[in-house]
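Trainee: I would like to go through the reasoning behind the labels on this model. Can we take them one at a time?

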Amino acid sequence: MRILCFGASITAGHYCFGLKHHPYAQRLKSRLQVALPSTEFTVDVDGLSGDRVLGGEYLSRLDPHLTGNGSLKYDWIIFQGGGNDLGSGSEPGPICDALKKLWKMAIDDGANVLALTVTETSNESTLMKKKYDLLNEMIRQHRDQNFFVADVCKAVPYTSMDPELRKKVWDDGLHFQPTGYDMFGDAIADRLLEIFKNEPIEKPNL
């Protein structure tokens, strides 16, 4: 089973000011392989720090991963995007519209899509929190064939996390430390395994 993790710096596993990387894909693959040993998993990563879905390189980066451009087919593409756009002042509506185009490109190419909610930051602005909440609710409410959501924002929170645990999980108020990225990978693995068990889709060897 081929999986692509696609997004920006969090997908890349950015921490320590970008000097080190620990992609959640590592933990995701390990969890899936242990849970489903008769299935061979390939988990690729395409994360570009700072990229935005509006006016950024998301579209041009996704194209080479689609079968029409010579890529081997991905069974799943895991998307996260929008956080950098919010930080740059863009509104949730246009961001979600751009995400929907990306999701549709992947679904039309034959992949299942797992969309990730946008994780919190240490920004305490009430207006920014409202924008994050609105974008995440738009992601949660989207419906399409072969489209699923993993609510990683709830699984790995910032504000509600115990302060001592937060020191071990979060790096700079935006990115995670390796422990946090592993929690991220666990949350995604749990969601995929739930989907494999319960949804009428093509499944790995269970």
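Mentor: Start with the sheet, and keep in mind that the model is predicted. Five strands make up an open sheet, ordered β4-β1-β5-β6-β7 with parallel pairing.

Trainee: What makes β4 and β7 the edge strands?

Mentor: Each of them pairs on one side only. That applies to β4 (42-47) and to β7 (147-150). Neighbouring strands in this sheet are turned by 20° against each other on average, direction ignored.

Trainee: How do you know that β1 and β4 pair?

Mentor: Pairing requires at least two bridges between two strands. β1 and β4 have six, in the parallel sense. One example is Phe6, whose bridge partner in β4 is Asp46. On β5, β1 has four bridges, again in the parallel sense. There, Leu4 stands opposite Ile77 of β5.

Trainee: What about β6 and β7, how many bridges do they have?

Mentor: Four, also parallel, with β6 covering residues 112-116. Val113 has Phe147 of β7 as its bridge partner.

Trainee: Why is β1 called largely enclosed?

Mentor: Count its residues. Six of the six are buried, so β1 is largely enclosed by the rest of the structure. Buried means under 20% relative accessible area.

Trainee: Which residues of β1 point which way?

Mentor: Arg2, Leu4 and Phe6 point one way, while Ile3, Cys5 and Gly7 point the other way. All of these are buried. In a regular strand, side chains alternate between the two faces of the sheet.

Trainee: Which strands does α9 lie across?

Mentor: α9 lies across β1 (2-7), β5 (76-79), β6 and β7. Its direction is about 140° to β6. Roughly antiparallel needs an angle over 145 degrees.

Trainee: Asp186 sits in α9 (residues 178-198). Is it buried or exposed?

Mentor: Buried. Its relative accessibility is 18%, and the cut-off is under 20%. So Asp186 counts as buried.

Trainee: Which residues does Asp186 touch?

Mentor: Arg27 and Arg31, once its neighbours within four places in sequence are left aside.

Trainee: Now the helices. Why are α5 and α6 called roughly parallel?

Mentor: Helix α5 (residues 92-108) and helix α6 (residues 126-141) pack at about 30°. Angles under 35 degrees count as roughly parallel. Therefore α5 and α6 are roughly parallel to each other. Their axes are 9 Å apart, and the crossing is right-handed.

Trainee: Which residues make that contact?

Mentor: From α5: Pro92, Gly93, Ile95, Cys96, Leu99 and Trp103. From α6: Lys131, Leu134, Leu135, Met138 and Ile139.

Trainee: How many of the residues in the contact of α5 with α6 are nonpolar?

Mentor: Nine are nonpolar, one is polar and one is charged. Gly counts as polar and Lys as charged.

Trainee: What makes the phi of Phe17 worth a remark?

Mentor: The phi of Phe17 is positive, about 60°, although Phe17 is not a glycine. Most residues other than glycine have a negative phi. Phe17 lies in the loop between β2 (14-15) and β3 (20-21).

Trainee: Why is Phe17 called exposed?

Mentor: Its relative accessible area is 76%. Exposed means over 50%. So Phe17 is exposed.

Trainee: Where is Asn146, and what is its phi?

Mentor: Asn146 is in the loop between α6 and β7. Its phi is near 60°, a positive value in a residue other than glycine.

Trainee: Why is Asn146 called partly exposed?

Mentor: Its relative accessible area is 28%. Partly exposed lies between the 20% and 50% limits. So Asn146 is partly exposed.

Trainee: What labels do Gly55 and Gly56 get?

Mentor: Gly55 is in the loop between β4 and α3, and so is Gly56, with α3 at 58-62. Gly55 has 75% relative accessible area, so it is exposed. Gly56 has 36%, so it is partly exposed.

Trainee: How far is Gly55 from Ala98, and Gly56 from Asn84?

Mentor: Gly55 and Ala98 are 43 residues apart along the chain, with their C-alpha atoms separated by 9.7 Å. Gly56 and Asn84 are 28 residues apart in sequence and 9.9 Å apart in space, C-alpha to C-alpha.

Terms used: Residues numbered from 1 in each chain as written. Predicted model: local features only at pLDDT ≥ 70, side-chain atom pairs only at ≥ 80, totals over all residues. Heavy atoms only, no water. Axes fitted to C-alpha atoms, helices over the stretch in contact; angles between N-to-C directions. Helix = DSSP H or I, 4+ residues; strand = E, 2+ residues; numbered from the N terminus. Parallel < 35°, antiparallel > 145°, perpendicular 65-115°, else oblique. Left-handed = near helix turned anticlockwise from the far one by under 90°. Contact = heavy atoms within 4.5 Å. Buried < 20%, exposed > 50% of the residue type's maximum accessible area, 1.4 Å probe, protein only.
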